[in-house]
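The following report describes one structure element by element, with attention to packing, sheet order and the surroundings of the ligand. It is best read with the coordinates open.

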Amino acid sequence: MIATATVRDEVVQILRRGGVTRIFGNPGSTEIPFLGDLPPELEFVLGLHEGPVVGMATGYALATGRPSVVNLHTHAGLGNAVNAIACARDGRVPLVVIVGQQDRRQLALQPFLTGRSLDRLAGDYPVWSTFPASAAEVPGAIARALYEASVHRGPALVIVPMGDWDEAVPEERGAIAAPDELAHVPAVADEALAELVQLVEASSSPAIVVGTGTDSAAGWDAVAGLAERLACPVWQDTFSSRAGFPQDHPLFAGHLPWRRSELRDLFADVDLVLAVGTPGLRLYVYDPGPLLGAATRFAVVSEFADEALRSPCDLAVLAPPAAVCARLAGRLEQRGGADGALLRRPPAPAPPAKGEPLRDAHLVAALAERLPPDAALVEEAPSTRPEILSRIAIRSPLGFLAVANGSLGFGLAGAIGLRMGQPNRPVVALLGDGSAAYSLQGLWTAAHYGVGAVFVVVGNGRYAVLDQLAQAHGVAGVWPAFDSLDLATVAEGLGCAAERVTTHDELENALDRALDGIRERTEPLLVDVRVA
Ligand SMILES: Cc1ncc(C[n+]2csc(CCOP(=O)(O)OP(=O)(O)O)c2C)c(N)n1
Ligand SMILES: [Mg+2]
């Protein structure tokens, strides 16, 4: 007779083998057969809303370099999580999302908690989704989802009906439709770079644009090597969600604008824009005209086909960017050029005079003075972002994290996951008050699980960026200010310590205290800084 194990036993084995030690979730009755009595080496991390659950898992995956596992409750949980799943997809973060479902033996009757077409509910955002055809295929689907998430870098979804977990799986070769191990070897051959080498050799005034795809120690080193060889400026892509280059490097030139006209002006004297780890020139509000001037060539190096294939460039190279930059640097002659730093950062503003209010620039400048070089700054403060980008130099890989697609609610949750995955790293989230309000439930998780991240809130009491945009359109915003929102009190209600800051002295003292011993912190702290 063939020995059998249950679906659940097999899945637990597969998760262990995949190095999974935590499952993020918000459970419901359809998941109890899976989650009940989980072995202690698979810690369950409870989030009180599915948005922050997936956001935390996303930060955790970035910090650990492995897919995070999430468990969601049928349509209710998945529906709440869709936006966070979209953020993970657009941020290229691997997640395995297991979604509960009614028992397949009665699905046709649509009993209570039946989810409709759950494998399609998140639309195109998962990199892979499946509703296994039988219980016996569930372990294989989860094993494959771990690979799909890693290889395609995004969320992979597996729908698991509640009755499946206790079903038997034959312990026989071939029962799991996925490899035991995967050696992913995206190598770069010198011959394959001939066209790119030619393009770069033919340019006399190149510029490099970096993005998420070079945010790693190897990526930073390789781009620095290439930029130094070419003595050329390096720009961070528009709406960056990660830093692709050390921002204290003398060749760092700053962040790109999103208007075509500004891009054309900026690159007017550049004859080659080389975008690595990014499609390069990201747009926002429509602005007529070409992306670049006629004399500027454009090349894109990306490991992602979708990024490369939609780029209106002269040459797209589909390959790992760090390896390409390292090889390329080795093939090029040393050029002479730029002396001294390309970017000037603004001086700190004078503290407010008597009767003047604290501004966000004071907060950002005070933080810039205090952040240690290996800090991870999680940014979600829309109207303050220009101050942040101009004043704070990111000095270590994964030192900057923001949502990739503009949706709010990721920042607070992402910071928690990041700190859980790198428990001694200083993690500071700088959040707009409106943005923080999207995922405040995460603070409960941070407090409960002893996560020492620091959340600094730009407390302007309104959606300032929308007010500015309405003003620029010559219209009045119909949304009220929310001065009465007291995030420090809400944080305390969720078990998270909080401080309120209204003066410059209080600001400096609060940041000193928050950052002192931040590596050893075992509880979160929210600092609500009231600014004009
Ligand atoms: C999920 C989601 N809903 C709505 C928006 C639209 N939105 C963009 S910025 C913004 C206001 C942000 O307010 P706050 O965090 O207080 O930052 P401030 O504008 O005050 O700097 C909103 C609502 C969004 N980006 N994401
Ligand atoms: Mg605000």
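At roughly what angle do the axes of helix α12 and helix α19 cross? In this predicted model, the axes of α12 (residues 360–370) and α19 (residues 504–515) come within 10 Å and cross at roughly 35°, and the crossing in which α12 passes α19 is right-handed. On the α12 side the contact is formed by His362, Leu363, Ala366, Leu367 and Arg370, which meet His504, Leu507, Glu508, Leu511 and Leu515 in α19. Sorted by residue class, this contact holds 6 nonpolar, 2 polar and 2 charged residues. The spacing of such positions can be read against a general property of helices: an α-helix has 3.6 residues a turn, so residues three or four places apart point the same way.

Helix α12 has further neighbours. Its buried residues are Asp360, His362, Leu363, Val364, Ala365, Ala366 and Leu367, and these buried residues pack against α13 (385–391), β17 (427–432), β18 (454–459), α19 and β20 (525–530).

Three of those partners, β17, β18 and β20, belong to an open sheet of 6 strands in the order β16-β15-β17-β18-β20-β19, with parallel pairing. Because β16 (400–402) and β19 (497–501) stand at the edges with a single partner strand each, one side of each is left without a neighbour in the sheet. Neighbouring strands of this sheet are turned by 20° against each other on average, direction ignored. At the β19 edge, 5 bridges join β19 to β20 in the parallel sense, and Ala497 has Leu525 in β20 as its bridge partner.

Another open sheet of 6 strands has the order β11-β10-β9-β12-β13-β14, and here too the pairing is parallel. The edge positions are taken by β11 (252–255) and β14 (315–318), each with a single partner strand, so that one side of each is left without a neighbour in the sheet. The twist averages 20° from one strand to the next. Strand β13 (residues 297–302) runs parallel to β14 and is joined to it by 4 bridges, with Leu318 in β14 as the bridge partner of Ser302.

Helices pack on this sheet as well. Helix α11 (residues 321–331) touches β12, β13 and β14, and its direction makes about 125° with that of β13. Helix α8 (residues 217–230) lies across β9 (206–210), β10 (234–236) and β12 (272–276), running at about 165° to β9.

Strand β2 (residues 22–25) pairs with two further strands. Arg22 and Phe24 point one way from β2 and Ile23 and Gly25 the other way, and all are buried. This fits the general rule that in a regular strand the side chains alternate between the two faces of the sheet. The parallel pairings of β2 are set out below.

| Pair | Number of bridges | Residue range of partner |
|---|---|---|
| β2 and β3 | 4 bridges | residues 43–46 |
| β2 and β4 | 3 bridges | residues 68–72 |

Within these pairings, Ile23 has Phe44 in β3 as its bridge partner, while Phe24 stands opposite Val70 in β4.

Two single residues illustrate how helices outside the sheets are placed. Is Val200, which lies in helix α7 (residues 194–202), buried or exposed? Val200 is buried, because 22 other C-beta atoms lie within 10 Å and 20 or more count as buried. Leaving aside residues up to four places away in sequence, Val200 touches Pro206, Leu272, Leu274, Leu328 and Leu332. By contrast, the C-alpha atoms of Val200 and Pro39, 161 residues apart along the chain, are separated by 55 Å.

Arg264, placed in helix α9 (residues 260–266), is partly exposed, with 17 other C-beta atoms within 10 Å. With residues up to four places away in sequence not counted, Arg264 touches Gly289, Pro290, Leu292 and Gly293. The C-alpha atoms of Arg264 and Leu292 are separated by 4.8 Å, although the two residues are 28 apart along the chain.

Which residues are the closest to ligand 1? Of the 19 residues that surround ligand 1, the closest are Ser383, Gly432, Gly434, Ser435 and Val465. The elements that give two or more residues to this shell are α15 (433–436) and α17 (464–472). By class, the shell around ligand 1 divides into 8 nonpolar, 9 polar and 2 charged residues.

Technical notes: Residues are numbered from 1 along each chain as its sequence is written. Chains are lettered from A and ligands numbered from 1 in the order in which they are written. This is a predicted model: local features need pLDDT of at least 70, side-chain atom pairs count only at pLDDT 80 or more; totals for chains, interfaces and linings use all residues. A residue is near a molecule or strand if its C-beta atom, placed from the backbone, lies within 6 Å of it. Ala, Val, Leu, Ile, Met, Phe, Trp, Tyr, Cys and Pro count as nonpolar, Asp, Glu, Lys and Arg as charged, and the others, Gly among them, as polar. Axes are lines fitted to C-alpha atoms, for helices over the stretch in contact, and angles run from 0 to 180 degrees between N-to-C directions. A crossing is left-handed if the near helix is turned anticlockwise from the far one by less than a right angle, and right-handed if clockwise. Two residues are in contact if their C-beta atoms, placed from the backbone, lie within 7 Å. A residue is buried if 20 or more other C-beta atoms lie within 10 Å of its own, exposed if 12 or fewer, and partly exposed in between; C-beta atoms are placed from the backbone. Two strands pair if DSSP finds at least two bridges between them.
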